Every structure is written in structure tokens, then in C-alpha cells.
Amino acid sequence: MDLKEKTIASFKKYVSGDEFSQLKLPVIPKASVLIPLLVRDGQLRLLLTVRSIHHDNVYSEIINGCVGQLKQHAGEVCFPGGKSESGDRDEVHTALREAEEEIGLPPDKVETGLLITPVVAFIEDSFKASPNTDEVSEVFTLPLEFFTKEADHSGYPVPSVFGPTHSFMYTDPSTGKIHQIWGLTAALAITAAVLALGKKPEFEIGFNLDNPASGFKDILNRKLSKL
């Protein structure tokens with residue numbers, strides 16, 4: 001198996017199925033994000049976007065069974081994605097529609113079917129982003145392994161749905177720009193790195209990844225009990 005096939009096999013071990021189907025969720029707007037992976041020079045990389053100066057949005061969401069407020073502000077690093085619309089068939093359709101609108105990623109060039117909400121998918125290494133400047137000012141990739149290293153990581157005892165708040169400072173070698181990746185985006189990136197690479201981070205993450213679906217379900221139950 002090549003690296004891509006191995007990664008897909010690793011993710012499929014953790015497909016949650018209907019793990020959350022029996023939970024009584026509050027009626028709030030749903031959102032979905034796309035976590036785009038690609039293989040470049042024998043290395044797994046992750047694609048992220050930077051919100052444009054025109055974009056400032058706050059909405060309630062359910063992501064991977066976690067209820068909370070996702071705040072997207074100008075200049076913030078995040079995954080492609082957004083709120084579900086009435087014409088969306090499911091979470092995958094929401095993520096793909098948003099990714100096409102934001103960075104010009106054609107849905108037929110995305111290999112999905114790994115995890116749902118967030119949607120983990122492979123895209124082609126040759127993909128050239130065409131950012132919608134009303135929403136995205138920049139698109140960049142970085143090694144997925146970056147999210148397992150302690151060197152550029154900081155953890156804060158500020159509670160979130162995943163435990164403590166994680167933050168990374170990434171310097172893009174091609175532009176010299178420094179990006180802060182934190183909060184929910186960082187937590188999802190850590191999760192993707194651990195599951196794809198099969199290695200634990202060099203720092204304490206504050207949530208259980210031995211059984212992700214069960215762990216997130218426990219978190220969700222605790223959150224719902226306080227609503």
C-alpha cells in the first residue's frame with residue numbers, strides 16, 4: 001500500500017457510523033468543514049485557509065458531535081466549510097459546496113468517504129486554489145506531522161469542547177508569513193494527524209483518541225446535560 005492507501009485504511013478504523021444517532025441534539029444550525037489532505041514529496045500535508053478581511057461570522061454548530069460556537073474572524077486560519085443550506089443533501093455536500101465556493105475546489109476532484117462532519121478527504125497534489133476573495137485571503141498547506149510536534153505548540157487552560165485550548169505558530173517557508181492555528185481548527189488537525197499517522201503528539205492533548213467516537217460522545221453528553 002502507498003501512503004494514501006495506508007492513511008485511508010487508518011481513518012476507516014475510526015468511522016463512527018451511527019454512534020451519535022441515538023442522541024437527542026438541540027435544534028441549532030449545522031455546519032460542516034472539509035479537512036483536505038494531499039500527498040506531496042512522500043509526505044502527508046494539510047490544506048488550510050485564511051479568512052479574508054471581509055469575512056466575520058459567528059454561528060452555532062455541531063461538529064463531530066460537539067456543540068458550541070464557531071467564531072470565524074478576519075485573518076483567522078481555518079478549514080474550508082460553513083453552515084448547511086436547505087439544498088444540501090448531507091454534511092459531505094455542505095463541505096464540498098463550501099470548499100468549491102471558497103477556494104475553487106471541484107467536488108469531482110475530492111475523494112471522500114473517510115469520516116463525516118468533519119469530512120476528511122484527499123485532494124490532488126496538483127490542485128491550484130482560486131480563493132473567493134470575499135471569504136478567503138490565502139490558502140496554504142503544511143505537513144500534517146506538524147500537529148504532533150511540541151516545538152511550535154502551546155496549550156492554554158481555557159476549556160473548550162475538546163478540553164484545553166491548543167495553539168500552533170506556523171511559519172510558511174514559501175512566504176515567510178506566520179500563521180496562528182488554534183481552537184477548534186487546531187483540535188481537528190491534531191485529531192486528523194493522530195489518526196492518519198498513528199502516533200501520539202509530544203504534548204498532552206486533553207482528550208481521548210484511543211476510541212475517538214466514544215470519547216467525543218462522552219464530551220457531547222456532558223455538554224448536552226448543561227443545556
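Which residues does Asp 172 touch, not counting residues up to four places away in sequence? In this predicted model, Asp 172 touches Phe 140, Lys 177 and His 179 under that restriction.

**Asp 172 and its surroundings**

Asp 172 sits in the loop that lies between strand S11 (163-171) and strand S12 (178-182). The residue is buried but has no salt bridge. Its nearest side chain of opposite charge belongs to Arg 45, 6.3 Å away; a salt bridge would need a side-chain nitrogen of Lys or Arg within 4 Å of a carboxyl oxygen of Asp or Glu. The side chain of Asp 172 does make a polar contact, at 2.7 Å, with the side chain of Ser 174.

**Strand S2 and its partners**

Arg 45 stands opposite Leu 38, in the pairing of S2 with its hairpin partner. Strand S2 covers residues 43-51, and 8 of its 9 residues are buried, so the strand is largely enclosed by the rest of the structure. The table lists strands that pair with S2.

| Partner of S2 | Sense | Bridges | Opposite residues |
|---|---|---|---|
| S1 (residues 31-40) | antiparallel | 4 bridges | Leu 38 and Arg 45 |
| S9 (residues 136-143) | antiparallel | 7 bridges | Val 136 and Arg 51 |
| S5 (residues 77-78) | antiparallel | 2 bridges | Cys 78 and Thr 49 |

S1 and S2 form a hairpin, with 2 residues between the strands. In that turn, Asp 41 has a positive phi of about 55°. On the pairing with S9, Arg 51 of S2 stands opposite Val 136. Phe 140, one of the residues touched by Asp 172, falls within the range of S9, residues 136-143. In the pairing with S5, Thr 49 is placed opposite Cys 78.

**Helix H3**

Helix H3 runs over residues 183-197. At 1.5 Å a residue, its 15 residues should span 21 Å, and the end C-alpha atoms are 21 Å apart, so the two values agree. The expected span is taken as 1.5 Å times one less than the number of residues. Of the 15 residues in H3, 13 are buried, so this helix is largely enclosed by the rest of the structure. Just after H3, Gly 198 takes a positive phi of about 65°.

**The chain as a whole**

The protein chain contains 4 helices and 12 strands. Of its 227 residues, 49% are buried. Among contacts between residues at least 6 apart in sequence, 68% join residues at least 24 apart.

Terms used:
Residues numbered from 1 in each chain as written. Predicted model: local features only at pLDDT ≥ 70, side-chain atom pairs only at ≥ 80, totals over all residues. Heavy atoms only, no water. Buried < 20%, exposed > 50% of the residue type's maximum accessible area, 1.4 Å probe, protein only. Lys, Arg positive; Asp, Glu negative; His and termini not counted. Polar contact = N/O pair within 3.5 Å; in protein donor to acceptor, adjacent residues only side chain to side chain. Contact = heavy atoms within 4.5 Å. Pairing = 2+ DSSP bridges.
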